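Here is a short note to read alongside the model. Take the points in order, with the structure open beside you.

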Amino acid sequence: MPFLVRFLLRHAAIGIAVAALFVALLVAFDVAHLASLFAQSPDGLLALGVLTVALGITFGSVQMGFAVMLMDDEDGPPSGRRARLTRLVPKLARVHARR
């Protein structure tokens, strides 16, 4: 599998896992009475699933975008087993004013 596909899938999985943890914490702490609402409603499990999938898509997309924006400008995959992203370095851009 190409490096970039593995990179995106790994970061999407991280975002989905964070979303699942977030939903679990929302239910565990009964924020806005969500746990009692899910328990009392006959479609409570469906609502819980929809909430988890929606937040999974959102958190997964945000994590993928965050990871892509922090990538290097190098053309190849990082070398070494535990290669880390380098720090961000601002680049100047020339802007000409028009009147």
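How far apart should the ends of helix 3 be at 1.5 Å a residue, and how far apart are its end C-alpha atoms?

1. **The helix in question.** Helix 3 takes in residues 44-69, which is 26 residues, so a span of 38 Å is expected. Its end C-alpha atoms are 37 Å apart, which agrees. The expected span here is 1.5 Å times one less than the number of residues.

2. **What you are looking at.** This is a predicted model, in which local features need pLDDT of at least 70 and side-chain atom pairs count only at pLDDT 80 or more, while totals for chains, interfaces and linings use all residues. Residues are numbered from 1 along each chain as its sequence is written, and side-chain values use heavy atoms, with hydrogens and water left out.

3. **Overall plan.** The chain has three helices and zero strands, in the order α-α-α from the N terminus. Helices (H or I, at least four residues) and strands (E, at least two) are DSSP runs, numbered from the N terminus.

4. **Burial and contacts.** Of the 99 residues in the chain, 13% are buried (under 20% relative accessible area; exposed is over 50%, partly exposed in between, with a 1.4 Å probe and protein chains only). In helix 3 the buried residues are G44, L55, G56, G60 and A67. Their cover includes helix 1 (3-28) and helix 2 (34-40). Contacts (heavy atoms within 4.5 Å) between residues at least 6 apart in sequence join residues at least 24 apart in 66% of cases.

5. **The record.** An unreviewed UniProt entry annotates residues 12-39 and 45-71 as "transmembrane region"; such annotations may be inferred rather than shown by experiment. In the model, residues 12-39 are 82% helix and 0% strand, with end C-alpha atoms 30 Å apart. For residues 45-71 the helix share is 93%, strand is 0%, and the end C-alpha atoms lie 38 Å apart.

6. **The surface.** About 8,500 Å² of the chain is exposed, and carbon and sulfur atoms supply 66% of it. L21, L25, F29 and V31 make a nonpolar surface patch of about 400 Å². L21 belongs to helix 1 and counts as exposed because its relative accessibility is 52%.

7. **A loop worth a look.** Which residues have a positive phi without being glycine? A32 has a phi of about 55°, and H33 has one of about 60°. Most residues other than glycine have a negative phi. A32 lies in the loop between helix 1 and helix 2, as does H33. A32 counts as exposed at 67% relative accessibility, and H33 does so at 57%.

Terms used: Areas by Shrake-Rupley, 256 points an atom, 1.4 Å probe, with all protein chains shown as cover. Patch = residues over 30% accessible without salt bridge, like charges linked within 9 Å, V, L, I, M, F, W, Y side chains within 5 Å. Salt bridge = Lys/Arg side-chain N within 4 Å of Asp/Glu carboxyl O.
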